[in-house]
Amino acid sequence: MKHSTTLVAGLLAALISTSSLAAPESQDPIKITTHDWTGQIVNSTILGKLLQKAGYNVEYVQADYIAQFAGLETGDLHVATEIWETTGREAMDAAVATGKVVNMGEGGMQAIEEWWYPAYMEEVCPGLPDWKALNDCASEFATAETAPLGRYLGGPVTWGGFDDERVKALEMDFEVVHAGTDAALFAELESAYQRKAPIVLWLYEPHWAPAKFEGSFIKFPPYSAECYQDPSVGINPNAAYDCGKPTGPIWKVSWAGLEDKWPGAAKIIKDYTLTNADMGALVTKVDLDGVSIDAAADEWIAANEAAWSKWLAQ
Amino acid sequence: MNALIRFFRAPWTFWIALLLITWTLSTWSFPLYKALDARWIIRFPSQLQVPLDVWLTAFFKWLQNDADLFFFTFRDLTRFLSSLIEWPYDQVRALMADGFESGQGSNAVEIAPPLSWIAVIFILIALGRYARDWWLAALVGGCFVYLAVFGQWDSAMVTLSSVIIAVPIGVALGLGIGILTYRLPWFDRLIRPILDLMQTVPVFAYLVPVLVLFGFGPVAALIATLIYATPPMVRIASLALKSVPTEVVEAGRIVGCTERQMMWRVLVPSAMPTLMVGVNQVIMLTLNMVIIASMIGAGGLGFDVLSALRRLDIGGGIEAGVAIVVMAIALDRLSQAFVRRPPSAILPANLGTLRRHPWLVTTLVVVVVTYLLGLFLPAVQSYPAALTLTTGTFWSDAMEWININYFDTFEAVKSFFLTVLLLPVKRFFSGIPWAWGIIAMGLAAWRVGGWRLGLMAALMTTFIAASGFWAKAMITIYLCGVSVLIAYAIGVPLGIWAGQNTRVNSVVGAIMDTLQTLPSFVYLIPVVMLFRVGDFSAMIAIVLYALAPAVRYAAHGIRSIDPQMIEAGLVSGCTPRQLLWRVKLPLAAPSLLLGLNQTIMLALSMLVITALVGTRDLGQEVYIALTKADTGHGIVAGLCVAFIAIIADRILTALSKSSKQRVEAA
């Protein structure tokens, strides 16, 4: 029995490798991490399927977004597909500094994070999406707890973002209330959207929310590094953070030993990219239309052969 | 003059004085600091702060990377332990959910499928019939049919596999440590505070070191579950062994038992019914952990709940959440039935295997037949997807309807509670200067439980102040305090009602079971939709979760009153009202206090979950530490939560002891 299974496994492996484009190195599984949001899982699944096409063995391991760095350092985990400049930079830098984790370059998507309002608020506050127009109708966004100031629902404290500083620097009549998780953030948005009630909150892209709900990001004075560091730059000469938030790439990282063990796979991982528009469409398909993650990944692979055949060809 | 002296001697004068001083200091602490320009009044001086979190982080770094035990590193040891658990876990999971495979990762080839759904349901029905009767069999079977029909089967089997592995390990460990505490009194004293910490330090606080030491994946989640779920088993085992009647032990001595025979042939069998209560607790706590375990790779139903709610799929969250409840109820009823099961009659050996073990044989036959059939018929192997039911958008639509029609009403209720109750209490607690907080805590504990308790409370409060978490700790006490007050005000009357009326009892009992096992995340999201992010939403979540012990202990207290006492009350002409207030409540007081104790414990254990809706308390600190992988910070904040819990527990235990003495004296 045992012999026959190894035989079958061997035959299958042979079949896979003959159909693949590059000769695989080690047949140990490459462990790709998955987190608890759809976009990242789809992203990891596509990369995994491409690596399989090239003849590599792949395993998906569910791991926490930040805690995974400990596993990437020890070599328990091998690849992470989405480290956001905006939320994961510190942890990534700390891990890269140990020498045991390497940055595999940009993942192609740009993270956008900013204040966001639903489209129906444009009737109430003419002049949106300009931030001054928002400030002029701050009282529209007030609640019992924050009146007379408007209520702005910020992200979890751990996301940073300097919203408290921004409100002070731009002298806005808003109070920042922090949600604990993004689930709470979207629950409030859904509730307000159903009632067509005023709301302004932290949203980010790529995500299904901007696809499901109609609305726009507020336009703040454009971000610059000087604006964050130098108080004299920007509208308010005495305060930093008197501008909008930076956009940033989403990085791929891997265990440092990956390049030695699977050099071909490392090349594919470095080349692999996905655009914001692709990701938006994929996430919408899965979260709003109920397509399975596997099927959505297969659809993308079928439609984008031109792109990935180049990555696999090297 | 005499009246004045009596006034100062009266027991409650102390409490009124303490409250008045605290209130005055709390109200005037800020102006005082401004007037004297003494910032230390409201803030613990930062140069005196102990950088314990930095030391702890460094210690864990060392433990993870460098700790060397001569022949191997510390991490080798923990990895070895985790491989010991991983092997049986993999087998069980293959049998229940994934099927047996050869090879690794995507190269793996399935050799044999998992047990078919029909076989699993049949095994459970047989167990139900064996443990009690057909009613139980129907209940347990029905619960698992729900899992199949609502399409939760695969995830449920993953969760069930971790229960199957975690529960025996937790029980064996708990029993082993319990036996040690029974044999060695010094070990008992040593382990008690450790058990307190294991139960009260939030799991998030030690998640990161567990992940690094035990590796990523389901095993780390199992270890975290065991840390949380084992302590009650230790406590119950120790209690059960100690309360074996001395006559039984004597009898064992007389017939000449050795030490080992005494333990396994005399003590453990006589303590079995109480030990099974511990088993039941381990099962329930394991299921309580599924959400947190799924955050670090356990998968299963917990992951379904989390990911459904992240896409705001309320119906999906409820279906997966109810699946956890249903599984908890089935396992709970089964394990309780095993406790109460009368010993089976011994049948003569010449009957043949079939006649002696009819259930075992039938079950084996069904398992084998369905397994073979499953190889050819997919519908036997796994429940056909076309026949699954779903509530679809029903729950989301219902939520939308409530939201559109009643939001304003809810908003009014919320504003009322905020202005009348929450904000004044918050102001009171956040105003208390830390120095007075330490003194007041020490005085209160001393008054209730003597100088030792007073000293301990003062030291623990000093720890909280010195680690720089004073303000967050006060917010914690305010939020938990208000929630416990409300939960208790709702729960005790409900419990009293249920205690006097069996029909009410069964309904209330079912609701409490559901509230305790339904992952709080499931109702947290709708609560946020109706009440927005903030303290009020957090309070509702805590109240819902902490209600159960208040109800259960009150009902238990009322039910366990000696009927003769009630008879005596009736004979002496009590009205029902007098009977309740003068006879039943005083007699049930120890039980009520125990219920209060448990309500506080559950409220504190909800802190980390409420941090997910944006409270600014110790729970948030623990959560921030987790998301930044800052081990030391998380553990120190977790210790602060634990100390608050321990102080509350000790004070209430002292109170309940004295009230028990009063009841017995009466």
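A residue is counted here as buried if 20 or more other C-beta atoms lie within 10 Å of its own, and as exposed if 12 or fewer do. The model to which this criterion is applied is a predicted one.

By that criterion, helix 22 of chain B has two contrasting sides. The helix comprises 16 residues, 502-517, and at 1.5 Å a residue it should span 22 Å; its end C-alpha atoms are indeed 22 Å apart, which agrees with the expectation. Its buried residues are B:Val508, B:Met512, B:Gln516 and B:Thr517. Seen down the axis of helix 22 of chain B, these buried residues fall within an arc of 150°, so they line one face of the helix. The face turned away from that buried side carries the exposed residues B:Arg503, B:Ser506, B:Val507 and B:Ala510. The cover over the buried residues of helix 22 includes four other helices of chain B, namely helix 12 (259-288), helix 15 (314-340), helix 21 (470-500) and helix 24 (535-559).

Helix 24 of chain B also appears in the largest nonpolar core, to which it gives the most, with 17 residues. Of the 287 residues in this core, B:Leu207, B:Leu211, B:Met327 and B:Cys640 touch the most other members. The core draws at least three residues from each of two domains of chain A, domain 1 (23-109 + 250-313) and domain 2 (111-229). When neighbours within four places in sequence are left aside, B:Met327 is in contact with B:Cys143, B:Ala156, B:Thr159, B:Leu160 and B:Leu287. In soluble globular proteins, nonpolar side chains tend to be buried together.

Chain A itself has a secondary structure of 15 helices and 9 strands, and its C-alpha atoms fill a box of roughly 75 × 40 × 35 Å, taken along the principal axes. Of its 314 residues, 47% count as buried. Among the contacts in chain A with a separation of 6 or more, 70% are accounted for by residues 24 or more positions apart.

The contact between the two chains takes 47 residues from chain A and 44 residues from chain B. On the side of chain A that touches chain B, at least two residues each are supplied by helix 1 (2-19), helix 2 (38-53), strand 2 (58-62), helix 3 (68-74), strand 6 (174-178) and helix 8 (182-195) of chain A. Helix 8 of chain A gives the most to this side, with 9 residues. By class, the side of chain A that touches chain B has 24 nonpolar, 13 polar and 10 charged residues.

Notes:
Residues numbered from 1 in each chain as written. Chains lettered and ligands numbered in written order. Predicted model: local features only at pLDDT ≥ 70, side-chain atom pairs only at ≥ 80, totals over all residues. Expected span 1.5 Å × (residues − 1). Arc of directions from axis to C-beta. Contact = placed C-beta atoms within 7 Å. Nonpolar A, V, L, I, M, F, W, Y, C, P; charged D, E, K, R; others polar. Core = buried A, V, L, I, M, F, W, Y, C linked by C-beta atoms within 7 Å. Domains from an automatic or database assignment.
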